[in-house]
Amino acid sequence: RERFQRLAGKTLPVSFGTFHSVFFMMLRHAYGYRAENILPESRKYDMIREILYDRRLDAEDDGDLIRSVIQEISLVKGQMISLDYYHSSSCGDEVFREIYEAYEKKLHQNRWIDFDDILIYTYELLKEREDIRAAWQQRFPYILIDEFQDTSGMQWKNFRPLVVNSLSEGYRTMIVGDVKQSIYRWRNGDWSLLANEVERQFSSLGVNTVILKNNWRSAPEIVNFNNTFFEK
């Protein structure tokens, strides 16, 4: 943001943010959420520990179990998996379902949302409220998504309605990424979206792919050294 403002030399109506920050902005306008409504990760850990204690679900290493359950909760939410079809690797399926439902109940009772809820609530909002979706489509006629190789399926589902409008109305959307630099699989990042899905989904709208083959970031000495290294 700071570099853009320096290059532009003036303030322009351009928004910057991560997926989560942009989506939370939408939720803030729609539901009045504030920063204190976002559950801190440390508090999530304590909540799961309290749930395990209340149900006397002891383990040899509670820390490992809690972290594993938190990862599975994020997986279920991030991929919108029905608990009826999910098999837990941390504990029994019924036990996991009980923990999950108790966790969700605590969130609703305290009007908290976690980072995965930000994606889910935005998806539901844009899907169900055509007026709100149209307003944000007008707000973002030009869209640039960077580091797309680490985008999750849920993030793409949320942003897709805005991108569809941008393309179909003659505006512009640019997606930038490198499948070889995907490092967030553990956080549901899916490089195949960049490699396959984007062009397939929007082929009828005239997607243009530009391959950047030259390394403009590194000095020639570094590029030549690396090329020689990998050739050996």
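This report describes the overall make-up of a predicted model and then turns to helices α4, α5 and α6 and the side-chain pairs around them.

## Overall architecture

The protein chain of this predicted model contains 10 helices and 2 strands. Read from the N terminus, the order of elements is α-α-α-α-α-α-α-β-α-β-α-α, and the C-alpha trace extends over about 60 × 55 × 35 Å along its principal axes.

Of the 232 residues in the protein chain, 33% are buried. Among contacts with a separation of 6 or more, 68% are between residues 24 or more positions apart. A search of the whole structure for salt bridges returns 11, and three of the pairs that form salt bridges are described below, together with their surroundings.

## Helix α4 and the loop that follows

Helix α4 covers residues 62-78, and because each residue is taken to contribute 1.5 Å, its 17 residues should span 24 Å, a value that agrees with the 24 Å between its end C-alpha atoms. The buried residues of this helix are Gly-63, Leu-65, Ile-66, Val-69, Ile-70, Glu-72, Ile-73, Val-76, Lys-77 and Gly-78, a list that includes the charged residues Glu-72 and Lys-77.

After α4 comes Met-80, which has a positive phi, near 50°. Further along, Ser-90 sits in the loop between α4 and α5, the latter being residues 93-109. The side chain of Ser-90 makes a polar contact of 2.3 Å with that of Ser-68. Leaving aside residues up to four places away in sequence, Ser-90 touches Leu-65, Ser-68, Val-69 and Glu-72, of which Leu-65, Val-69 and Glu-72 are among the buried residues of α4.

## How α4 meets α5

Two packed helices are described by the angle between their axes and the distance between the axes. For α4 and α5 the axes come within 11 Å and cross at roughly 75°. Since angles of 65 to 115 degrees count as roughly perpendicular, α4 is roughly perpendicular to α5. On the α4 side the contact involves Val-69, Glu-72, Ile-73, Val-76 and Lys-77, and on the α5 side Phe-96, Ile-99, Tyr-100, Tyr-103, Glu-104 and Leu-107.

Within this contact, the side chains of Lys-77 and Glu-104 form a salt bridge with an N to O distance of 2.7 Å. This pair links distant parts of the chain, with Lys-77 in helix α4 and Glu-104 in helix α5, 27 residues apart. Lys-77 is buried, because its relative accessible area is 2% and the cut-off for burial is under 20%; Glu-104, with a relative accessible area of 15%, is likewise buried. Through salt bridges that share partners, Lys-77 and Glu-104 belong to one network with Asp-114 and Asp-117.

## Two further salt bridges

Asp-64 and Arg-67 form a salt bridge in which the closest N and O atoms are 2.9 Å apart. Both residues lie in helix α4, and because they are 3 residues apart, about one helical turn separates them. Asp-64 is partly exposed, with a relative accessible area of 44%, and Arg-67 also counts as partly exposed, at 42% relative accessibility.

A salt bridge also joins Lys-106 to Glu-50, with 3.9 Å between the closest N and O atoms. Lys-106 belongs to helix α5 and Glu-50 to helix α3 (residues 41-54), so this pair ties together parts that are 56 residues apart in sequence. Lys-106 has a relative accessible area of 24% and is partly exposed, and Glu-50 counts as partly exposed at 31% relative accessibility.

## Helix α6

Helix α6 consists of residues 115-128, and because 1.5 Å is expected for each residue, its 14 residues should span 20 Å, which agrees with the 21 Å between its end C-alpha atoms. At its start, a side-chain oxygen of Asp-114 comes to within 3.1 Å of the backbone nitrogen of Asp-116; Asp-114 is also a member of the salt-bridge network that includes Asp-117, Lys-77 and Glu-104.

Because 10 of its 14 residues are buried, α6 is largely enclosed by the rest of the structure. The buried residues are Asp-116, Asp-117, Ile-118, Leu-119, Ile-120, Tyr-121, Thr-122, Tyr-123, Leu-125 and Leu-126.

Technical notes
Residues numbered from 1 in each chain as written. Predicted model: local features only at pLDDT ≥ 70, side-chain atom pairs only at ≥ 80, totals over all residues. Heavy atoms only, no water. Helix = DSSP H or I, 4+ residues; strand = E, 2+ residues; numbered from the N terminus. Expected span 1.5 Å × (residues − 1). Buried < 20%, exposed > 50% of the residue type's maximum accessible area, 1.4 Å probe, protein only. Polar contact = N/O pair within 3.5 Å; in protein donor to acceptor, adjacent residues only side chain to side chain. Contact = heavy atoms within 4.5 Å. Salt bridge = Lys/Arg side-chain N within 4 Å of Asp/Glu carboxyl O. Axes fitted to C-alpha atoms, helices over the stretch in contact; angles between N-to-C directions. Parallel < 35°, antiparallel > 145°, perpendicular 65-115°, else oblique.
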